[in-house]
Amino acid sequence: MSTAQWLLMLHVTGAFLLVGGSVAAGVLNTLSIRAERPSETALYLRLVRPLIPVIGLGSLATLVFGLWLVHELHFAFWSFWIIAALVLWALAGALGSAGGKHQERARELAERLAAQGDTPADALRALLRDPRGTAMSWLAGLATLLLLVDMIWKPGA
Amino acid sequence: MIAAGRPFLPLFLHVFGAMVLVGAMLAVLLLALAGRRQRSVASLPGAAFWTLLVVALPAWALMRVAAQWIYSSEGWSGSGDPAWLGIGFGIADAGLLVLLVTAGVAFWWKRGGRPLAGGLVGGLSAIYLALLAVAWLAMSGKWS
């Protein structure tokens with residue numbers, strides 16, 4: 001295998017960890033919203049935690065091996081698709097982090113409610129369905145999807 | 001080299017489907033592992049089963065149909081195809097069987113709540129994730 005093939009393999013592996021981890025987090029987040037009892041909501045949101053290093057490692061690997069690949073294959077660093085990828089990568093990370101903090105607040109409330117009788121509460125329901133927090137997660141997903149479109153389409157390459 | 005000159009839509013759908021499939025299996029694995037520790041949570045088996053049915057199976061179908069679309073549009077014939085294509089198709093097709101068996105065992109887990117079924121769902125999910133990793137490594141590294 002050539003250096004470029006190794007780099008592409010590692011770059012794609014990073015993308016699988018990033019997108020796969022994000023999809024898994026999205027599934028668990030959806031399950032937490034649909035859960036009936038606060039203890040179940042807390043459990044589903046706790047399961048998102050092991051995915052954070054997976055997403056972080058994937059995110060870092062896509063950037064490092066992607067830029068290395070650009071250098072190795074002599075692409076212009078200032079091409080539209082590369083700039084767009086960097087902007088979308090940063091956006092996805094920032095929005096995902098903000099969405100994650102919102103979910104962490106929901107998990108803390110769910111843990112407290114679970115310890116106090118485990119009965120469904122409007123406050124938790126409202127926090128889980130908070131439009132701002134939900135929008136952050138959806139926009140992070142959209143930015144990741146656009147990043148994948150940009151990487152495969154390569155507009156302006 | 002990196003997707004340049006390859007048909008955008010089928011390649012995007014293939015990669016997107018594969019990534020969603022990996023995410024779904026990762027979620028099922030976590031649900032099965034949680035099920036081993038939290039046997040009192042009755043919704044875990046159902047969550048694993050519905051994730052397989054609503055997310056993993058449609059993602060598999062999208063990945064596999066788009067793979068066939070690329071295969072046809074790039075003029076592969078079946079003779080002299082590179083090893084990475086064979087690995088990809090082999091894992092995709094055998095993967096459907098693993099996926100269906102996992103969904104069946106998850107249904108059994110949902111219906112009966114047996115810990116053995118939860119353990120099997122976790123084990124099958126881990127095996128399938130390992131196979132999917134081999135497929136993406138072979139296909140992106142163009143193993144010959």
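Here are some short exercises with worked solutions on a predicted model with chains A and B.

**Exercise 1. Sketch the fold of chain B: which elements does it have, and in what order do they run?**

Start with the count: chain B has four helices and zero strands. Going from the N terminus, that reads α-α-α-α. Next, put a box around it: the C-alpha trace spans about 55 × 25 × 20 Å along its principal axes. Then check burial, where 40% of the 144 residues of chain B count as buried. Finally, look at sequence separation. Take the contacts in chain B between residues at least 6 apart in sequence; 80% of these join residues at least 24 apart.

**Exercise 2. Find the residues that touch the most other members of the largest nonpolar core, and say which helix gives the most to this core.**

The core has 86 residues, and the ones touching the most other members are B:L21, B:A24, B:M25, B:V28, B:A48 and B:A56. Now for the helix: α1 of chain B, residues 8-37, gives the most, with 17 residues. To zoom in, pick B:A56 and skip its neighbours within four places in sequence. What's left in contact with B:A56 is B:L21, B:A24, B:M25, B:V28, B:T51 and B:L99.

**Exercise 3. Decide how α1(A) and α1(B) are oriented to each other.**

First, get the geometry: the axes of α1(A), residues 3-34, and α1(B) come within 7 Å and cross at roughly 55 degrees. Second, classify the angle. Values from 65 to 115 degrees would be roughly perpendicular and those under 35 roughly parallel, and roughly 55 degrees fits neither, so the two helices are oblique to each other. Third, add the hand: α1(A) passes α1(B) in a right-handed crossing.

Who makes the contact? On the α1(A) side, the residues include A:F16, A:G20, A:A24 and A:L28, and on the α1(B) side they include B:M19, B:G23, B:A27 and B:L30. Sorted by type, the residues of this contact come out as 13 nonpolar, four polar and no charged.

**Exercise 4. Describe the side of chain A that touches chain B: which helix supplies the largest share, and how do its residues divide by type?**

Begin with the totals: 30 residues of chain A are in contact with 29 residues of chain B. Then list the contributors. On chain A, α1, α2 (38-48) and α6 (131-153) each supply at least two residues. The largest share, 16 residues, comes from α1(A). Last, sort this side of chain A by type, and you get 23 nonpolar, five polar and two charged residues.

Key:
Residues numbered from 1 in each chain as written. Chains lettered and ligands numbered in written order. Predicted model: local features only at pLDDT ≥ 70, side-chain atom pairs only at ≥ 80, totals over all residues. Core = buried A, V, L, I, M, F, W, Y, C linked by C-beta atoms within 7 Å. Buried ≥ 20, exposed ≤ 12 C-beta atoms within 10 Å, placed from the backbone. Contact = placed C-beta atoms within 7 Å. Axes fitted to C-alpha atoms, helices over the stretch in contact; angles between N-to-C directions. Parallel < 35°, antiparallel > 145°, perpendicular 65-115°, else oblique. Left-handed = near helix turned anticlockwise from the far one by under 90°. Nonpolar A, V, L, I, M, F, W, Y, C, P; charged D, E, K, R; others polar.
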